[in-house]
Amino acid sequence: MNPEEFRAAAHQLVDWIADYRTRVPELPVQARVKPGEVAAQLPAAPPAAPEGFDAVLGDLDRVVVPGITQVQHPRYFGWFPSNATLSSVLGDIAASGLGALGITWQSAPALTEVEEVVVEWLRELTGLPASWRGSIQDTASSACHLALLAARERTTDYSGTRGGLQAEQAPLTVYTTEHAHSSISKAVALAGFGMDNLRLVETDPWTRAMSPKALAEAVAADVAAGKRPTAVMAGLGTTGTTAMDPLAEITRIAAEHRMWVHVDAAMAGSALLLPEMRWMIDGVEGVDSLSWNPHKWMGTVIDCALLYVADPDHLVRVMSSNPSYLRSTVDGEVTQYKDWGIPLGRRFRALKLWFQLRLDGVEAIQDRLRRDLDNARWLAEQVEAAPGWRLLAPVALQTVCMRYEPAGITDGDALDAHTLAWVDEVNASGATLITPSLLDGRWSVRVSIGAERTERSDVAAVWEVLRTAAERR
Ligand SMILES: *Cc1c(COP(=O)(O)O)cnc(C)c1O
């Protein structure tokens, strides 16, 4: 494809994207395809000769759109907001168009330096310590994995340069809670700690926040047993109920044992753009690393996760590799992001953040987040006031956890069956998407507010849909 052919097709594609975004509210929220249905519509082999762009675009409508769950829908209340603001989409298109190769500073100086600047803008905007430095990673899962690798190497004084964990005498232990994201246990396994050395610290039964007292006891028990406490993986805004682990107390305990504290704020990090939400990071000065996803609530098109570290030199020492073909004369003066994570080559992800911040402006993003927090508080009030409905967790952010508990159902299993049945019915209708989730061993419903186009009227309409479905059964 030459630039002139590209120009013609790209104009068509941009029109198609704009039309698609306009008609998203008319689409069923949850994809209705059966497993294998999408693949069955595609030919077994690619064409030998070129096809026209119209044919490709036609298949986007025919095959792809029905094959995705519409997370840009104003009535999407599933897992977590996964916004893809059109301003950031433009940045993503620009990044692809440039086709820059980020393997060293030299391979694309602007790729590195725009990233440094936008990551610093966001550090300042979210109230993180001025001495911290950050980088863009693909996902919070990767960021959490990197944090555990850095923790492991700090506690073992860079065992990776010697016999690795296989040569360590005492097991290294990691602390989190049962409400932590599944990426944490995955990283514990992959970073070589082993699941036997992961401790799920007790939490408060209502807030689901980590109990500092229980953390101190678990650490003391491990020390007494000859283990080496290495890291606390704290959560701000856990996936289930947006629980907030108390950083000030956790960092105090961690400091006594020189443990690494990583904060997983994947969803909640966006809220730090609001000065009134900074209470969440009280104690952050004692934290070693924190990650959050602009690609969730803030709305930078996926994938875009930020990882901030208090001691970048340590991270670089753990992650760096320096083969001769990547060395250059400016090495000491510039940031080499290849030494801040696992991949060598990086995309120009900073452009989508840069475009979004410039084209939307910080205030509009803040207004939207405040709107969503307000909508969540409003919904929580409705739930608390409605007979038979129960609010199951504090509403610290934009997620409301609830259950309908009709007087006639007293058996727990029957209540579970009832909950799953009405949630299934609502989701199958296409009117909205909410996520059923297990909380304290029983099925509950999470309504995660924060899609870019969700207004109070959408929340109110969906609350009616939920009430009707649950109360009629
Ligand atoms: C979404 C989420 C993750 C995982 O994020 P990815 O970027 O998809 O890896 C981790 N932790 C929390 C609390 C999340 O909400």
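Which residues of α13 are buried? The points below take up this helix after the domains and the cores.

1. This is a predicted model, in which local features need pLDDT of at least 70 and side-chain atom pairs count only at pLDDT 80 or more, while totals for chains, interfaces and linings use all residues. Residues are numbered from 1 along each chain as its sequence is written, and side-chain values use heavy atoms, with hydrogens and water left out.

2. The protein chain is divided into domain 1 (3-68), domain 2 (94-360) and domain 3 (362-471), with bounds that come from an automatic or database domain assignment. Between the C-alpha centres of domain 1 and domain 2 there are 36 Å.

3. The largest nonpolar core (a set of buried Ala, Val, Leu, Ile, Met, Phe, Trp, Tyr and Cys residues joined through side-chain atoms within 4.5 Å) has 56 residues, and those with the most contacts inside it include Leu122, Met280 and Leu397. Helix α5 (residues 109-125) gives the largest share of this core, 5 residues. Because domain 2 (94-360) and domain 3 (362-471) both give residues to this core, it lies between them.

4. Leaving aside neighbours within four places in sequence, Leu397 is in contact (heavy atoms within 4.5 Å) with several residues, among them Met244, Met280, Trp297 and Leu373. A second, separate core of 25 residues includes Ala143, Ala147, Ala151 and Phe193.

5. Helix α13 (residues 412-429) has 18 residues and spans 26 Å from its first C-alpha to its last, close to the 26 Å expected at 1.5 Å a residue; helices here are DSSP runs of H or I with at least four residues, and strands are runs of E with at least two. The expected span is 1.5 Å times one less than the number of residues.

6. To return to the opening question, the buried residues of α13 are Gly412, Leu415, Asp416, His418, Thr419, Trp422, Val423, Val426 and Asn427, where buried means under 20% relative accessible area, exposed over 50% and partly exposed in between (1.4 Å probe, protein chains only). Seen down the axis of α13, these residues fall within an arc of 165° and so line one face of the helix, the arc being that of the directions from the helix axis to the C-beta atoms. The face turned away from the buried side carries the exposed residues Asp413 and Asp424.

7. The buried residues of α13 pack against β9 (389-391), β10 (399-404), β11 (433-439), β12 (442-448) and α14 (456-472). Just after α13, Gly430 takes a positive phi of about 85°.
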